[in-house]
Amino acid sequence: MPKYENTNYFMFEMQSSTPKNKDKVTYFGVININENSKNIGAVDVWRSLITKQLFCEEKRLGILDIADKIGMPQIKEGEVWAVAVNRFRKGKDRWRLISITKEGRNEFIDTDEETKIVVETSNYKIIDDEWWSFLVSENVNKSIEITKELN
């Protein structure tokens, strides 16, 4: 499997250990992120046909730049994809696609691509005064209204 140095990405088509079994990553769905009934972005979700592993990419309304990373993003073992939502902001900078651990300290980079955010997690949910979260795997092909916190 081709890897790119210093990245957590791999090519769109993976090959398993036996040549006859080629694993394919296919488009699985989308999560529309809405604020006050208006779409402010989306999370595209792909899934491996063999391993069922999810791969995600955030799409922010108004951001037209093509990502400089090639392939599908991977997360570390023991982490899952989630969307972190800021309780106090408005608009496209209110949310961020992250990988999240089940318990303990979780770090991610804010939407300014510079500021490190540190939050505590419990049962794959952010426990913080400023941020809350929801899991990608539980919300594929849904529209999520982020003006109020999901339970």
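**Strands, cores and buried polar side chains in a predicted model**

At 5% relative accessibility, Thr121 falls under the 20% limit and so counts as buried. This residue offers a convenient way into the model, which is a predicted one. Thr121 belongs to strand β10, which spans residues 116-122. Its side chain comes to 3.1 Å from the backbone oxygen of Thr101. Once neighbours within four places in sequence are set aside, the contacts of Thr121 are Ile100, Thr101, Lys102, Glu103, Gly104, Asn106, Ile126 and Ile127. One of these, Gly104, is also the bridge partner of Thr121.

The strand that holds Thr121 sits in an open sheet of three strands, ordered β9-β10-β11 and paired in the antiparallel sense. Its edges are β9 (103-109) and β11 (125-127), each of which pairs on one side only. From one strand to the next, the twist averages 50 degrees. Seven bridges join β9 to β10 in antiparallel pairing.

Asn106, one of the residues in contact with Thr121, is found in β9. With a relative accessibility of 3%, Asn106 is counted as buried. The side chain of Asn106 is engaged with backbone atoms of two residues. A polar atom of this side chain lies 3.2 Å from the backbone oxygen of Ser99, and the side chain also reaches the backbone nitrogen of Thr101 at 2.9 Å. Thr101 thus recurs in the picture: its backbone oxygen is reached by the side chain of Thr121, and its backbone nitrogen by that of Asn106. Not counting residues up to four places away in sequence, Asn106 touches Ile98, Ser99, Ile100, Thr101, Ile117, Val118, Val119 and Thr121.

A wider view helps to place these details. The protein has zero helices and 13 strands, so the pattern along the sequence is β-β-β-β-β-β-β-β-β-β-β-β-β, with strands taken as DSSP runs. Of its 151 residues, 39% count as buried. Among contacts between residues at least 6 apart in sequence, 46% join residues at least 24 apart. The exposed area of the protein is about 9,400 Å², and carbon and sulfur atoms supply 49% of it.

Another open sheet of three strands runs in the order β8-β7-β12, again with antiparallel pairing. Here β8 and β12 are the edge strands, each pairing on one side only, and the twist averages 40 degrees from one strand to the next. Five bridges connect β7 and β12 in the antiparallel sense. Within β12, Trp131 stands opposite Asn86, while Phe134 is the bridge partner of Val83.

Although β12 pairs on one side only, it is largely enclosed by the rest of the structure, because five of its five residues are buried. Both faces of the strand are covered: one side carries Trp131, Ser133 and Leu135, the other Trp132 and Phe134, and all are buried.

Phe134 leads on to the nonpolar interior. The largest nonpolar core has 19 residues, and those with the most contacts inside it are Ile33, Val43, Val83, Trp95, Phe134, Val136 and Ile146. Two or more residues of this core come from each of β3, β4 (38-48), β5 (54-60), β7 (79-86), β8 (95-101) and β12 (131-135). Another core, of 10 residues, lies apart from it and includes Ala82, Ile98, Phe108 and Leu135. Leaving aside neighbours within four places in sequence, Phe134 is in contact with Ile31, Ile33, Ala82, Val83, Val85, Asn139, Ile144, Ile146 and Leu150.

Ile31, on that list of contacts, is part of strand β3, residues 22-35. Its relative accessibility is 0%, and Ile31 therefore counts as buried. Residues up to four places away aside, Ile31 touches Gly41, Ala42, Val43, Phe134, Val136, Asn139, Val140, Lys142 and Ile144. Lys142 makes a good example of a contact between distant parts of the sequence: Ile31 and Lys142 are 111 residues apart along the chain, yet their C-alpha atoms are 5.2 Å apart in space.

Definitions and conventions:
Residues are numbered from 1 along each chain as its sequence is written. This is a predicted model: local features need pLDDT of at least 70, side-chain atom pairs count only at pLDDT 80 or more; totals for chains, interfaces and linings use all residues. Side-chain values use heavy atoms; hydrogens and water are left out. Helices (H or I, at least four residues) and strands (E, at least two) are DSSP runs, numbered from the N terminus. Buried means under 20% relative accessible area, exposed over 50%, partly exposed in between (1.4 Å probe, protein chains only). A polar contact is a pair of N or O atoms within 3.5 Å; within protein, one must be able to donate a hydrogen and the other to accept it, and residues adjacent in sequence count only if both atoms are side-chain atoms. Contact means heavy atoms within 4.5 Å. Two strands pair if DSSP finds at least two bridges between them. Axes are lines fitted to C-alpha atoms, for helices over the stretch in contact, and angles run from 0 to 180 degrees between N-to-C directions. A nonpolar core is a set of buried Ala, Val, Leu, Ile, Met, Phe, Trp, Tyr and Cys residues joined through side-chain atoms within 4.5 Å. Accessible areas come from the Shrake-Rupley method with a 1.4 Å probe; for residues, only the protein chains shown count as cover.
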